[in-house]
Number of protein chains: 4
Amino acid sequence: MTMTNGYEQSDREEKLAILNLPSLEEKAKEIIPTGGFGYITEGSEYEWTLKENTKAFDHVQIIPRVLTSVENPSTETQLLDINLSMPIIAAPVAAQGLAHARGELATAQGMAKAGTIMSQSTYGNATIEEIAKEGNGAPQFFQLYMSKDWEINKTWLDEAVNSGVKAIVMTVDSMLGGYREADIINNFQFPIPMGNLEKLSAGDSKGKGIAEIYAAAAQVILPSDVKKVAEYTGLPVFVKGIQSPEDAEIAIEAGAAGIWVSNHGGRQLNGGPASFDVLKAISDKVNKRVPIVFDSGVRRGSHVFKALANGADIVAIGRPILYGLALGGAQGAQSVVEHLNHELKIVMQLAGTQTVEDIKKAKLIRQNPINDSLSEN
Amino acid sequence: MTMTNGYEQSDREEKLAILNLPSLEEKAKEIIPTGGFGYITEGSEYEWTLKENTKAFDHVQIIPRVLTSVENPSTETQLLDINLSMPIIAAPVAAQGLAHARGELATAQGMAKAGTIMSQSTYGNATIEEIAKEGNGAPQFFQLYMSKDWEINKTWLDEAVNSGVKAIVMTVDSMLGGYREADIINNFQFPIPMGNLEKLSAGDSKGKGIAEIYAAAAQVILPSDVKKVAEYTGLPVFVKGIQSPEDAEIAIEAGAAGIWVSNHGGRQLNGGPASFDVLKAISDKVNKRVPIVFDSGVRRGSHVFKALANGADIVAIGRPILYGLALGGAQGAQSVVEHLNHELKIVMQLAGTQTVEDIKKAKLIRQNPINDSLSEN
Amino acid sequence: MTMTNGYEQSDREEKLAILNLPSLEEKAKEIIPTGGFGYITEGSEYEWTLKENTKAFDHVQIIPRVLTSVENPSTETQLLDINLSMPIIAAPVAAQGLAHARGELATAQGMAKAGTIMSQSTYGNATIEEIAKEGNGAPQFFQLYMSKDWEINKTWLDEAVNSGVKAIVMTVDSMLGGYREADIINNFQFPIPMGNLEKLSAGDSKGKGIAEIYAAAAQVILPSDVKKVAEYTGLPVFVKGIQSPEDAEIAIEAGAAGIWVSNHGGRQLNGGPASFDVLKAISDKVNKRVPIVFDSGVRRGSHVFKALANGADIVAIGRPILYGLALGGAQGAQSVVEHLNHELKIVMQLAGTQTVEDIKKAKLIRQNPINDSLSEN
Amino acid sequence: MTMTNGYEQSDREEKLAILNLPSLEEKAKEIIPTGGFGYITEGSEYEWTLKENTKAFDHVQIIPRVLTSVENPSTETQLLDINLSMPIIAAPVAAQGLAHARGELATAQGMAKAGTIMSQSTYGNATIEEIAKEGNGAPQFFQLYMSKDWEINKTWLDEAVNSGVKAIVMTVDSMLGGYREADIINNFQFPIPMGNLEKLSAGDSKGKGIAEIYAAAAQVILPSDVKKVAEYTGLPVFVKGIQSPEDAEIAIEAGAAGIWVSNHGGRQLNGGPASFDVLKAISDKVNKRVPIVFDSGVRRGSHVFKALANGADIVAIGRPILYGLALGGAQGAQSVVEHLNHELKIVMQLAGTQTVEDIKKAKLIRQNPINDSLSEN
């Protein structure tokens, strides 16, 4: 363990033999200090949406298909011309130093080794440049929490562009933080500085809680801001936090090059639907005009399959990667996405889908409470 | 603590740091004596309706909205030309001396400080005049349990009018009490006199249980009684205890100036629907002819939002205020409504609603078990 | 306690202060020996239908009605020209000596005092004559388990007619017993002789289990048997064990003067629907041509109300009366039905129904998972 | 107990007094070593489908029928001209030596005594010939896991034909194993050789896990393979692992003489529907062109009835037979199917069905959440 500002960080670096992603949480609990663990795991209010996010996958079922020619299914896919070994990427998660001494640097290394995308967070514990360098050319996204100050935004975006990130991910669902109780109970404040904030006159982020951090960010983000960021960077911009077809349409009209369906892992609006439950309606509206990344609640290979079958092009995971970080550093994070992809391959074979594109054409069914017909999802 | 007629009353007076309203119940349990706590918390029969009242909010979901111009949402609103700082008021609750030595006086003070309405109960431990004086001009309602004797009703109503209450709330769902088991188990009888009963030849209320108190009240309340009270006082009359569109119509035709949708916190008819589940149908029928106050089961900011989106103009809470009273007197009660309003503001921002009027236009959705379309609520 | 053939029977005789019917089971468990208690409480197979019987009442809700002229609701009603103080009667239950030394004699006394009907069972521990005498003119039914031997049937039916029973109840759902596990685990055999079997050359019933008793009874009961019994006795015949509109029609065409909707308290076919869930469809088919008695799962006043609103004319209860027997003899049994009726009266007032006939016109609603309209049940 | 390669096998041989099939699991747990017990009981991933398999029977209900002429219902039936004493057969289960020293030999003996079909597994611990000899003429099926090598398939099929098996069962849902966690936790490898693999140059199966065994089998099975096996053997071929009408159609067109609806006991694709929930749609599509065997989740007589009423001609059980094996050898296995059939007979009587053909005509109902009409299943 490494001690930083009184906060104990794991410094493990090892491959993990993972049984499944849910089981990592209790193991990580023994390593990550209470305040950091609370921040990572919590949802908002009474966490209905957090729990529903994962339960919702049980609303629909995958049909086992047989007598197909499927053999050794391939999980290779593309997102915005980026070749990926799997349809699973890292979601942007702030303050990864809470889980590991090397934080985002380890995650970047792990995702690079896994052959997939690392998403940086504005509120990471290292800077954009540092994390990009660690990726050594592997594809990364930069998730922007817009600052009130456009000059600050430009500084970050310039660094992102120069560092070679492939896309900007604009988080638009966090004008303020959801009502998160673990942080209140733990009186949690970030123990480790956030690199991108440190290097600006925006000042020191150590000793602040997430509410204060959000309050210092832009309090309003409009469609015109999406356009502005897209034009300024010349990069594709994903709008992250979409939970309705209406907002997907607004984002696309504003110039979004991708829709990121997410309810921020149940950490923002409690009382909103499970992210998986709104995915298909959004996908129908988007109608393949732009790619869709989906997150919130994904824990199993069958969940990844269901999301891809219901309209997602790519699935992102958040908390489990942090648990892998704590338990094994870069290799730990790598083990997590590789395990999930391993589970996905099994599902693909048993569902009769050879490729990720085949998954997207697969029909899900819903146990129909009214009659026995296999109603399509 | 203060001892009155052998009953131990809290005499705390302090601001509360509230994590959430549900957690107050177990803390209050340590302070409020068993008999009083049982009376406050109980529902009727096997408490299906009591539990369903709060569970029902999970039947529908709020859509997180993004890329809006919403910033610092305002919870200010109006009810009958009364300006309120929040769309949350105190529901009438009898015998608040069970929770605190200053009972209704403290609640009145707390609501006044919070900038919202205190609802007096006929069966309060202080008189109408005393409670109004404590409010010092802040808006109050007087909830009437009609007496068999019109003279007695006039005495109370005169005092209410002269004390400056803004509206009369006629409770019509309690011709007798629901089958409440805690009172039976505890052999509960009110230890502290009820001021409005004391001052009449109706006699002493100390040592009676709620069944006896109700039995001494009017056994029948007809639409003509609503009209009578409205005409006599010249004040707006809310009819409280409406759970069907038919009864809302009857009340309006009888002269009601407001509909109070409530099932008395699950204390009356067990086996009736959750109050939230009947709200929209009633609201559709009322069709904005008169304002709607909604209570029964509200505990979180997302619940308040859902009620307002489903047709309520104002939301009232009962038990949590009593818990706040016990834990902190006037400031305790004030802390409770302010906390709930704080949670509401977070929901408002994340749902993209700038004002209470915006909430009323927001569409809720229902997870549809048949297909993935986002069906409107 | 009284010891009979090594089986310990309660001999209490006292009024009971009953909190509710469900709570009687665990109290009775302390008094009734294991084998007898298992026989009384068990359902069949994995007891899904047994549990669903009571849960099903939560599928529909009663609408609280206000501003009505209802006052002191009356539970008086009639069944086949018999005046009853309540729409609640005793269901036929075998071997009541398992619960109390005076068994059926005490129940008969208790129902007579309560002003309602006692239903005798062919497999009672006293004879038809003895039980009728105890009722001292109060109305009784005689439930017939047809014997293979018509002569035996005639003996019983003659005794029933001569004893003045008001109707014959033919149980048709027990050609053999459901798969009841408690009896197997307890290796249960009836410890106390059954009077109606003892007095025949059909021999001794002591030391037999229910399977053997049923095996000695008629193995087939046809519509023509209903007609035969009706013609032979000249009495109204209820057919008990109906769970489908088709069978109700068959029974009526066969001459049934009443339909007894029941799944034998979940003791027969596990995997069948809750009795309450099939009631309305049967009632619609019967269309008031004959009265309907309903049993299986009723435990609360709101349950009685829901059954009457959904088509039943009368509700019968079984196990709770046995618990009341064990705890207080005749007065105990009387206390049970009187308590249930007391709960019913409260529901009636709060639902705005003055009489039992009003309950039958009341509309129930169902929380609709698809939309918010108050769909009628 | 018998020790084989360090694995402790039961060697009991006794009739069992069975209360019900579910209760056998915990008793068997005390006898079967951890690794073997885990292999037998496990499902895949988070075992949603495994649990749903049995829960799904509660989605529909059997209507109790009365006043019928049904007496001593008969469970005799036929499958492919084979006379059976019951509509229940043994599903193919690999490595039965995990449960008992005599493994498949004991099961074959038990099923022969019970008058029903034993299904051999390619991965049994005895050879095709040995198991057939033990059956002594009683009907057996041979379930084929196709080898990559057609010569090996021919060797097995020749032995099957020469041993007099009545049908080939081709398992098509296991191109690889589902993600089974117990095997991973236990690091499970088969301790006892598989006879049919041993005798080939395909080599030794001891010390391998199921993943390796499956990986050595054919990785693709096409409709043409079904035709090939049917033509080569001249025997009826069942295609096992069908969970959709589309695949049933494909199998029939490929020459299948029977459809085996199964999700491999929830061990393959987790996230797929309960097998019972897809049965009726498949049966409607098959439209009696070929017989349907159904498995996955059957544990009670009411489950067997529901499967037969929803389109199955025969029901197969897997794990419970293994538990019976462990607890009582051949007689134990026999006791299991006989007990299940005993429960079925009770259900048949109470449902008014005299024969298995009558069950197939019985209508199931579904508790309708929208209204009270008895909607047909």
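**Notebook: a strand in chain C, then the chain contacts**

I started with a pairing in chain C: strand β8(C) and strand β9 (residues 167-171) run parallel and are joined over four bridges. Note to self: this is a predicted model.

I picked one residue to follow across that pairing. C:Leu144 has C:Met170 as its bridge partner in β9(C). Then I traced how the chain gets from one strand to the other. It leaves β8(C), passes through helix α6 (residues 150-162) and arrives at β9(C), a β-α-β crossover that is right-handed.

Next I looked at the other neighbour I had for this strand. Strand β7 (residues 118-121) of chain C is also parallel to β8(C), and four bridges hold the pair. Here I noted C:Gln143 of β8(C) as the bridge partner of C:Ser121. Helix α5 (residues 128-135) of chain C lies on the path from β7(C) to β8(C), and this β-α-β crossover is right-handed.

Which way do the side chains of β8(C) point? C:Gln140, C:Phe142 and C:Leu144 go one way, while C:Phe141 and C:Gln143 go the other. I jotted down the background: side chains in a regular strand alternate between the two faces of the sheet.

Is β8(C) buried or exposed? I used the cut-off of under 20% relative accessible area for buried. Five of the five residues in the strand (residues 140-144) are buried, so β8(C) is largely enclosed by the rest of the structure. That holds for the residues pointing either way.

Then I stepped back to the chains. I asked what turn lays chain B on chain C. The turn is 90°, with a shift of 0.0 Å along the axis and an RMSD of 0.0 Å. I wrote this down as a four-fold axis, because that is the relation such a turn and shift give. The two copies use different surfaces, though: just 6% of the contact residues of chain B recur in chain C.

My last entry is on chains D and A. I found 48 residues of chain D in contact with 37 residues of chain A. Together the two chains bury about 3,400 Å², and 61% of that is on carbon and sulfur atoms. On the chain D side, D:Tyr46, D:Tyr179 and D:Leu269 lose the most area to chain A, together 19% of what that side buries.

How many salt bridges are there between chain D and chain A? The count is two. One I looked up is A:Arg300 with D:Glu181, where the closest N and O atoms are 2.7 Å apart.

Methods:
Residues numbered from 1 in each chain as written. Chains lettered and ligands numbered in written order. Predicted model: local features only at pLDDT ≥ 70, side-chain atom pairs only at ≥ 80, totals over all residues. Heavy atoms only, no water. Buried < 20%, exposed > 50% of the residue type's maximum accessible area, 1.4 Å probe, protein only. Helix = DSSP H or I, 4+ residues; strand = E, 2+ residues; numbered from the N terminus. Pairing = 2+ DSSP bridges. Right-handed = clockwise from strand over helix to strand, strands pointing away. Least-squares fit on C-alpha atoms with pLDDT ≥ 70 in both. Contact = heavy atoms within 4.5 Å. Buried area = accessible area lost by both parts, 1.4 Å probe. Salt bridge = Lys/Arg side-chain N within 4 Å of Asp/Glu carboxyl O.
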